[in-house]
Amino acid sequence: MRRVLAAVAIVSLLSACATQRQAKSNYEVIPDDEGKILRGPISRAILQNDTTYKWLAENMKYGTADASAVEAFRNNANNFSMVVFGGTWCEDTRNLLPVFYRLVEKSGYPDNKITLIGVDREKTAPQDLHKKYNVTLVPTFIVMRDGKEIGRVVEYGKEGAIDKELGQIVATGTAK
């Protein structure tokens, strides 16, 4: 009986590991001169747990999140979701994704409401998601409500303060 239970436990564990591997394999890893490029749906955890992307943790150490944006994200967290396109190879993404995640952390905005999509150097994503969301530059931060875009900030935005601009979109429901 113990052997049967042990065998069932091992099979269950292996099954769970295989399922986790499948879930993580929704993105492509593309070899690159600078390391590797992730293309497709990724997560903050994937970036944080891979030393290739140490820029995320390093760049999050600098700066603070805009207070009004933190309040807007906190007060409206149930009313919107985010779709973010970035390139793990892209200097602007390396500078601005940490600004976004600093805002997320300070406001307590849930990671499960963020869809992060990696693009290749041609700025394409699987299933033509880059076309669906009309993405031509990265990073692009898109604020969604009820499945529809209510605003976006592309690269450094209009004011050079993406957290502030995202906060304004979230607070007012429209892009400035």
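1. A salt bridge here is a side-chain nitrogen of Lys or Arg within 4 Å of a carboxyl oxygen of Asp or Glu. In this predicted model, Asp32, Glu34, Arg94 and Arg121 are linked in a network of such contacts, and the structure as a whole holds nine salt bridges.

2. Within that network, the side chains of Asp32 and Arg121 meet in a salt bridge, with an N to O distance of 2.9 Å. The pair links distant parts of the chain, since Asp32 belongs to strand 1 (residues 28-32), while Arg121 sits in the loop between strand 4 (114-118) and helix 6 (129-132), 89 residues apart.

3. Arg121 also meets the side chain of Glu34 in a salt bridge, at 3.5 Å from N to O. This pair, too, links distant parts of the chain, with Glu34 in the loop between strand 1 and strand 2 (35-42) and Arg121 in the loop between strand 4 and helix 6, 87 residues apart. Arg121 counts as partly exposed, because its relative accessibility is 35%.

4. A further salt bridge is formed by Arg44 and Glu105, whose closest N and O atoms are 2.2 Å apart. Arg44 lies in helix 2 (residues 44-48) and Glu105 in helix 5 (residues 91-107), so the pair ties together parts that are 61 residues apart in sequence.

5. Is each partner of this helix-to-helix pair buried or exposed? Arg44 counts as buried, because its relative accessibility is 9% and the cut-off for buried is under 20%. Glu105, with a relative accessible area of 48%, is partly exposed, because exposed requires over 50%.

Terms used
Residues numbered from 1 in each chain as written. Predicted model: local features only at pLDDT ≥ 70, side-chain atom pairs only at ≥ 80, totals over all residues. Heavy atoms only, no water. Helix = DSSP H or I, 4+ residues; strand = E, 2+ residues; numbered from the N terminus. Buried < 20%, exposed > 50% of the residue type's maximum accessible area, 1.4 Å probe, protein only.
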